[in-house]
Amino acid sequence: RFLDNRLFATCSDDTTIALWDLRKLNTKVCTLHGHTSWVKNIEYDTNTRLLVTSGFDGNVIIWDTNRCTEDGCPHKKFFHTRFLMRMRLTPDCSKMLISTSSGYLLILHDLDLNKSLEVGSYPILRARRTASGSDITAPGSAGPRAVGSPCHQHDAGLPTEKHLSRPSQREGGSPRNSLEVLTPEVPGERDRGNCITSLQLHPKGWATLLRCSSNTDDQEWTCVYEFQEGAPVRPVAPRCSLRLTHCIEEANVGRGYIKELCFSPDFGIRLLGFDMQCSELVDCLPKEASPLREIRSLYSHNDVVLTTKFSPTHCQIASGCLSGRVSLYQPKF
């Protein structure tokens, strides 16, 4: 994750985060210690210059890059939940999304990274299954195992409503760091738990893209959910921020590995499109959930493909597989 035009951060399964300078790549600027398990996500708030990381230890940690030294950066635990898989910030850093292997999606609204969250310190919005009428007040049972993660199975670890303090209203606005707990709708899986293994956000913040696996780990779904904005009428009112717009069911090929997702940043190839014309989401929002369309399949690897990324500046896509090979593609016009 780039912090500016020369500094970038990397995270590792060795539990550390490293800062690098493009002008001197033969040595790290510093190594950050704070997680106790594999570190899987790095986000960056350009307004506060705070680095945000998450790992399979269930922790979201904030690092103050304004006060970095060779020994590291001051840091603090911001949030904790069991079975944490992925964490993302919306482009405007107003929300934090966290997916879990127990099938829950957590959304922190009106985000304030300067305030650490402990049980009892943040308001909860009564959440519900997206596009469904059943409310959730507190998750109580364990979900499926995390694919490829070292997490152990206990209870879902989310706070119950009786342990949460009453929300504090900001003048003229909604409470900061309001927590919404959702179980995103997956077609055909209404009564079964799911592991949300991968989480991405649209580069404009319009939608979120999830990869879910079934409780039996034999099927997977790629689902697109539109953000439905607007604060609840009152802090304890039911809220449903996401609406399923597109999905596709797929066999779990390469079982045991997490399949990463990515959005095309602007114009370019979409291997999975909202329609066969590769229209933008805003131009083809359906009234009900529609299937994603397979535009093209590319086969250049001889091993399990683990990750793909679109170039933010060129009409190009990269993919990497388990054997270490990285392939680059560009369209034929």
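This is a short tour of a predicted model, stop by stop, with something to select at each one.

**Stop 1: a sheet of four strands**

Start by selecting strand 4 (39–45) and strand 7 (75–80), the edge strands of an open sheet, each of which pairs on one side only. Add the strands that complete the order 4-5-6-7, and you have the four-stranded sheet with its antiparallel pairing. From one strand to the next, the twist averages 25°. In general, strands of a sheet pair through backbone hydrogen bonds, either parallel or antiparallel.

Now zoom in on residues 50–55 and 59–64, which are strand 5 and strand 6. Five bridges join these two strands in the antiparallel sense. Which residue of strand 6 stands opposite L51? Show the side chains and you will find W63 there.

**Stop 2: an annotated stretch**

Next, select residues 32–64. An unreviewed UniProt entry lists this span as "repeat: WD". Colour the span by secondary structure: 64% of it is strand and 0% is helix. The C-alpha atoms at the two ends of residues 32–64 lie 11 Å apart.

**Stop 3: aromatic rings**

How many aromatic pairs does a search of the whole structure find? There are three. For one of them, select F2 and F8: their ring centres are 5.3 Å apart and their planes meet at 50°, so this pair counts as tilted. F8 is buried, because its relative accessible area of 16% is under the 20% cut-off. Add W20 to the selection, and you see one aromatic cluster made of F2, F8 and W20.

Then move to W38 and F56, another tilted pair, with 5.9 Å from centre to centre and 45° between the planes. This pair links distant parts of the chain, 18 residues apart. W38 is in the loop between strand 3 (30–33) and strand 4, while F56 is in the loop between strand 5 and strand 6. Is each partner buried or partly exposed? W38 is partly exposed, at a relative accessible area of 30%, whereas F56 is buried, at 6%.

**Stop 4: a charge over a ring**

Select K95 together with F227. The charged end of K95 sits over the ring of F227, 5.8 Å from the ring centre.

**Stop 5: a buried proline**

Finish at P175, in the loop between strand 13 (135–136) and strand 14 (178–182). P175 is buried, with a relative accessible area of 4%. Select L111 as well and draw a distance between the C-alpha atoms: P175 and L111 are 64 residues apart along the chain, and these atoms are separated by 9.4 Å.

Notes:
Residues are numbered from 1 along each chain as its sequence is written. This is a predicted model: local features need pLDDT of at least 70, side-chain atom pairs count only at pLDDT 80 or more; totals for chains, interfaces and linings use all residues. Side-chain values use heavy atoms; hydrogens and water are left out. Buried means under 20% relative accessible area, exposed over 50%, partly exposed in between (1.4 Å probe, protein chains only). UniProt positions are given in the numbering used here, feature names are shortened, and annotations may be inferred rather than shown by experiment. Two strands pair if DSSP finds at least two bridges between them. Axes are lines fitted to C-alpha atoms, for helices over the stretch in contact, and angles run from 0 to 180 degrees between N-to-C directions. Rings of Phe, Tyr and Trp (its six-membered ring) pair if their centres lie within 6.5 Å; planes under 30 degrees apart count as stacked, over 60 as edge-to-face and the rest as tilted. A charge sits over a ring if NZ of Lys or CZ of Arg is within 6 Å of the ring centre and within 35 degrees of the ring normal.
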